[in-house]
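Here are a few notes to help you find your way around this one. Keep the viewer open as you read.

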Amino acid sequence: MQFFHTFHVYISAKKASKNMRKRIPYSLIKISNSLKFVAFVVVFAFTYILIFSPYGNGNFAAIKSQEAFAGHTALVSAIGLIVLLISRLALYLVCRKREPIKYSGYLLWIISEILVISLFCNLYAWLVGKLVYHCNIGYFGIISDTIIYCVSILVVPYIISTLYFELADKDSVIERFSSKAGITAEKDEKTQQIAFHDEKGNLRISVNVSNLFYIEAADNYVNICYKNKERITKFCLRNTLKNIDSLNLSDDLIRCHRSYIVNFQKVTVLKKEKTGLFVEIDDKDISDIPVSKTYTQQVLDKFAQ
């Protein structure tokens with residue numbers, strides 16, 4: 001029995017480690033969702049402090065007035081609001097320039113957020129205690145209590161909001177996949193239609209996967225390159241390549257570069273040149289598409305299938 005318990009713990013730890021290496025969903029860094037997250041955390045923290053009064057004991061017992069306590073709670077919540085707004089904006093900019101960070105990096109980001117909030121709240125509590133209530137306390141004398149309070153207050157809304165946006169992201173992927181990638185009655189995978197929506201969810205174009213060459217990033221737009229009546233055509237769509245890639249519209253669509261998703265049904269050659277690795281498309285009028293180091297392994301894995 002001890003062996004099976006140890007084996008179960010090992011498997012669980014291995015799965016957790018694998019999940020930590022995955023990249024966070026785009027929903028966690030989306031601006032609108034970040035604002036919802038910040039609002040929820042601040043409202044939860046403000047309500048929690050008012051109800052349970054974690055600062056109403058020990059070194060903070062000098063605050064006798066309920067009005068004064070509510071005022072200090074509001075100011076402490078405002079500190080958290082400012083820190084979270086700056087932090088989430090920075091997270092969005094970092095992930096927008098590159099790829100979304102992994103769960104391990106996101107966990108470190110959260111720990112850093114809570115630590116910074118704790119330091120600023122501790123500074124506020126120390127200054128108010130010393131200047132207003134004349135408490136004989138040092139900055140580092142209350143730092144441990146402040147960190148404990150901040151962790152206990154923030155851990156619940158962090159967990160709830162993260163799980164909520166992850167669940168919403170999965171539901172969105174399922175819904176979009178169901179609406180965007182329909183298979184005809186024939187079982188041949190070449191009959192697969194891929195429907196592309198803009199960033200507002202409006203259907204803009206549907207392309208047969210057998211006619212699709214690649215999808216190229218262009219700032220806040222993507223260019224969908226496909227064959228239409230024996231002619232190469234490009235359709236400009238207002239969306240991001242990250243959004244398109246996260247939908248997993250087809251097993252044949254593989255991200256090979258930060259600016260390209262290529263249809264492997266159309267890839268004929270993988271070649272190494274002085275300037276790097278490239279895939280060659282089965283059409284003489286389309287230039288070779290680069291493969292970046294980040295996506296080299298998944299491209300090689302696809303070729304090995």
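**Notes on the strands, the sheets and one serine**

1. Start with the hairpin made by β2 and β3, where five residues sit between the two strands. Look at Gly201 in that turn: its phi is positive, at about 90°. Do keep in mind that this is a predicted model.

2. Staying with that pair, β2 covers residues 193–197 and β3 covers residues 203–208. The two run antiparallel and are joined by five bridges. One pairing to pick out is His197, whose bridge partner in β3 is Leu203. Is β2 mostly covered or mostly open? Mostly covered: four of its five residues are buried.

3. Next comes an open sheet of five strands, with antiparallel pairing. Going across, the order is β6-β5-β4-β8-β7. Which strands are at the edges? They are β6 (231–237) and β7 (253–257), each of which pairs on one side only. From one strand to the next, the twist averages 20°.

4. At the β7 edge of that sheet, the partner strand is β8, residues 260–263. β7 and β8 pair in the antiparallel sense, over four bridges. For a landmark here, try Ile254, which has Val262 in β8 as its bridge partner.

5. There's another open sheet, this one of three strands in the order β9-β10-β11, again with antiparallel pairing. β9 (267–273) and β11 (289–291) each have a single partner strand, so one side of each is left without a neighbour in the sheet. Ignoring direction, neighbouring strands of this sheet are turned by 30° against each other on average.

6. Within the three-strand sheet, β9 and β10 (residues 276–281) run antiparallel and are joined by six bridges. Glu273 stands opposite Gly276 in β10. Then look for helix α7, residues 296–304, which packs on the sheet and touches β9, β10 and β11. The direction of α7 makes about 135° with that of β9.

7. Last, the serine. Ser161 belongs to helix α5, which spans residues 143–180. Why call Ser161 buried? Because its relative accessible area is 5%, and buried means under 20%. A polar atom of the Ser161 side chain lies 3.1 Å from the backbone oxygen of Tyr158. What does Ser161 touch once its neighbours within four places in sequence are left aside? Phe37 and Phe40 are in contact with Ser161.

Definitions and conventions: Residues are numbered from 1 along each chain as its sequence is written. This is a predicted model: local features need pLDDT of at least 70, side-chain atom pairs count only at pLDDT 80 or more; totals for chains, interfaces and linings use all residues. Side-chain values use heavy atoms; hydrogens and water are left out. Two strands pair if DSSP finds at least two bridges between them. Axes are lines fitted to C-alpha atoms, for helices over the stretch in contact, and angles run from 0 to 180 degrees between N-to-C directions. Contact means heavy atoms within 4.5 Å. Buried means under 20% relative accessible area, exposed over 50%, partly exposed in between (1.4 Å probe, protein chains only). A polar contact is a pair of N or O atoms within 3.5 Å; within protein, one must be able to donate a hydrogen and the other to accept it, and residues adjacent in sequence count only if both atoms are side-chain atoms.
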